[in-house]
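This briefing covers one sheet, the helices that lie across it, and a patch on the surface. The structure comes first, and the notes follow.

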Amino acid sequence: MSDTYNAFVVDEIEDQFQSSIKSLPLPELQDGCVLIDVLYSSLNYKDALSASGNKGITKSYPFTPGIDAVGRIRQSKDNNLKDGDEVIVTGYDLGMNTNGGFGEIIHVPSSWVVPLPNNLSMEEAISFGTAGITAAASVDAVISKTDTLELPVVVSGATGGVGSIAVGLLSKLSIDVTAITGKEDSGKFLKDLGAKNIILRDNFCSEKIRPLDKTKFSAGVDTVGGEILSRIISQVDRHGVITCCGNVNSIKLETTVFPFILRGIALQGIDSAESPISYKKYLWDKIASDWQIGYSKSSIKIIKLNQLAPEIDKILNGDQQGRVVVKHGE
């Protein structure tokens, strides 16, 4: 085995952030940790922020982003995890201040590791990644806490990682989905995922926000925050649940107490990155069984490590559609 590995490294040079592929020394295995040969990672918005020098995500550089990793254990100091085991790591501090899946090796606590379910391939698992776990947690909250789903469930940011998987999961569960998107050319993509109705963002936001609007949805999965979330809150039916997991639109929320006290709706925050490992195992088992939506290569773009930089620019500019997967090795 080589004592070095390749990684996508972001350096801070005179207040500028530059990325390159570097050869790094193999980390020394610590007690309670594992070394994992990463075969796949994926690109998330948080990775793009880390790669562009956002100190709210990553405190110090040089650093290797990548909040998702799927691979095989190279070395373990945990009796429950053996060399060669196929595993998934998503969230916690991976790719934030612990070198992440954009490197061919990661060194992480064994408590962050989920065994790969038997009926899920590595490629399928990484097509979900953190985005998939976040979408699954959102869908889990919607179906377990909403009284009835007679009206459609609305999904915002529907062409992004979390949104597109949420559309697929809800459709798999035979729930009507209305997708909100800012991309006029995304109709076929969203219909193929299972969306019954598509609303362009500009049309959805064309009128003044009302404290209580006409009810159009049973529940909602919001991935963008801001004005979109404010409008969804005003349009969800009695006792509906709206999940919130993103702020790319805005961190500000314009609403009143009326939807909560007159319709009894609930706003459920989703923080999948820090979820207990037992809940992550539960979600992965659901994804691999009852919620298996199939592996659609049309919604996945597979790239090499040296093709990451332009994809990071795309996701920062809001131009990403579906999922971008990084495949290590030849």
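Leu267 has 35% relative accessibility and therefore counts as partly exposed, a class that lies between the buried limit of under 20% and the exposed limit of over 50%. The model is a predicted one. Leu267 is found in strand 13 and also belongs to a nonpolar patch on the surface.

**Surface patch**
- Along with Leu267, the patch is formed by Leu253, Val257, Phe258, Phe260, Ile261 and Leu262.
- Together these residues have about 620 Å² of accessible area.
- Helix 7 (residues 258-262) supplies the largest share of the patch, four residues.

**Sheet**
- Strand 13 belongs to an open sheet of six strands, ordered 10-9-8-11-12-13 with parallel pairing.
- Strand 10 (197-200) and strand 13 (266-269) stand at the edges and each have a single partner strand, so one side of each is left without a neighbour in the sheet.
- On average, neighbouring strands of this sheet are turned by 20° against each other, direction ignored.
- At the edge formed by strand 10, the pairing with strand 9 (residues 177-181) is parallel and runs over four bridges.
- Thr181 has Leu200 in strand 10 as its bridge partner.

**Helices across the sheet**
- Helix 2 (residues 122-145) lies across strand 8 (153-155), strand 11 (219-222), strand 12 (241-244) and strand 13.
- The direction of helix 2 is at about 165° to strand 12.
- Helix 3 (residues 161-172) lies across strand 8, strand 9 and strand 11, and runs at about 160° to strand 8.
- Strand 8 and strand 11 are crossed by helix 2 and also by helix 3.

Technical notes: Residues are numbered from 1 along each chain as its sequence is written. This is a predicted model: local features need pLDDT of at least 70, side-chain atom pairs count only at pLDDT 80 or more; totals for chains, interfaces and linings use all residues. Side-chain values use heavy atoms; hydrogens and water are left out. Two strands pair if DSSP finds at least two bridges between them. Helices (H or I, at least four residues) and strands (E, at least two) are DSSP runs, numbered from the N terminus. Axes are lines fitted to C-alpha atoms, for helices over the stretch in contact, and angles run from 0 to 180 degrees between N-to-C directions. Contact means heavy atoms within 4.5 Å. Patches are made of residues with over 30% relative accessible area and no salt bridge: like charges are joined within 9 Å, nonpolar side chains (Val, Leu, Ile, Met, Phe, Trp, Tyr) within 5 Å. Accessible areas come from the Shrake-Rupley method with a 1.4 Å probe; for residues, only the protein chains shown count as cover. A salt bridge is a side-chain nitrogen of Lys or Arg within 4 Å of a carboxyl oxygen of Asp or Glu. Buried means under 20% relative accessible area, exposed over 50%, partly exposed in between (1.4 Å probe, protein chains only).
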